[in-house]
Amino acid sequence: MKTIVDLCIVPLGVGVSVSKEIAECQKILHQAGLKTELHAYGTNIEGEWDTVFLAIKKCHEVLHQQGVPRITTTIKLGTRTDRLQTMEDKIQSVKQKLK
């Protein structure tokens, strides 16, 4: 099943900047073959449900292995059964209505 996920991983106990840990997660998502779009407060991910959630799990595992003591993650997701829809489709639909 295809899904589009908005993921926000927040490593706790590593200081104010978390860009190093977020970069590590971006690498993991890329290695999983997922389509991603980084934004200021998270990452949009498009892919197969199992692949997406295995990659999110790996983000947690790797960050913990690297010494991050605590991680809080927020996930919003959607699935559709009536048709395939990409992240770009969703954005273009709104842009067309703004014209």
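Follow the chain from start to finish and you meet its elements in the order β-α-β-β-α-β-α. That makes three helices and four strands. Keep in mind that this is a predicted model.

**The chain as a whole**

- The C-alpha trace spans about 45 × 30 × 20 Å along its principal axes.
- Of the 99 residues in the chain, 26% are buried.
- Take the contacts between residues at least 6 apart in sequence: 71% of them join residues at least 24 apart.
- About 6,800 Å² of the chain is exposed, and carbon and sulfur atoms supply 55% of that area.

**Helix α1**

- Start with a quick check on α1: at 1.5 Å a residue, its 13 residues should span 18 Å, and the end C-alpha atoms are indeed 18 Å apart, so the two agree.
- The residues tucked away here are E21, C25, Q26, I28 and L29, the buried ones of α1. They sit on the same side of α1, because they cover an arc of only 160° around the axis.
- Over on the other side of α1, you'll find S19, K20, H30 and Q31 exposed.
- What do the buried residues of α1 pack against? Their partners are β1, β2 (35-39), β3 and α2.
- After α1 comes G33, which has a positive phi, near 80°.

**Helix α2**

- The same kind of check works for α2: its 17 residues should span 24 Å at 1.5 Å a residue, and the end C-alpha atoms are 24 Å apart, which agrees.
- Buried in α2 are V52, A55, I56, C59, V62 and L63. These residues cover an arc of only 130° around the axis, so they are on the same side of α2.
- D50, L54 and Q65 are exposed on the other side of α2.
- The cover over the buried residues of α2 includes β1 (2-12), α1 (19-31), β3 (42-48) and β4 (70-78).
- G67 follows α2, and its phi is positive too, near 105°.

**An aromatic pair in α2**

- Look for one aromatic pair in the structure. The pair is made by W49 and F53, with ring centres 4.8 Å apart and planes at 35°, so it counts as tilted.
- Why are W49 and F53 about one helical turn apart? Because they are four residues apart in helix α2 (residues 49-65).
- W49 is partly exposed, at 30% relative accessibility, and F53 is partly exposed as well, at 24%.

**Two cysteines, no disulfide**

- How many disulfides are there? The count is zero.
- The reason shows up at C25: the closest cysteine sulfur, in C59, is 3.5 Å from the sulfur of C25, which is too far for a bond. The cut-off here is 2.5 Å between the sulfur atoms.
- Seen from C59, the closest cysteine sulfur is the one in C25, again 3.5 Å away and too far for a bond.
- Buried or exposed, where does C25 fall? C25 counts as buried, at 4% relative accessibility.
- C59 is buried as well, with a relative accessible area of 0%.
- To place the two cysteines, C25 is one of the buried residues of α1, while C59 is among the buried residues of α2.

Technical notes:
Residues are numbered from 1 along each chain as its sequence is written. This is a predicted model: local features need pLDDT of at least 70, side-chain atom pairs count only at pLDDT 80 or more; totals for chains, interfaces and linings use all residues. Side-chain values use heavy atoms; hydrogens and water are left out. Buried means under 20% relative accessible area, exposed over 50%, partly exposed in between (1.4 Å probe, protein chains only). Rings of Phe, Tyr and Trp (its six-membered ring) pair if their centres lie within 6.5 Å; planes under 30 degrees apart count as stacked, over 60 as edge-to-face and the rest as tilted. The expected span of a helix is 1.5 Å times one less than its number of residues. The arc is that of the directions from the helix axis to the C-beta atoms. Contact means heavy atoms within 4.5 Å. Accessible areas come from the Shrake-Rupley method with a 1.4 Å probe; for residues, only the protein chains shown count as cover.
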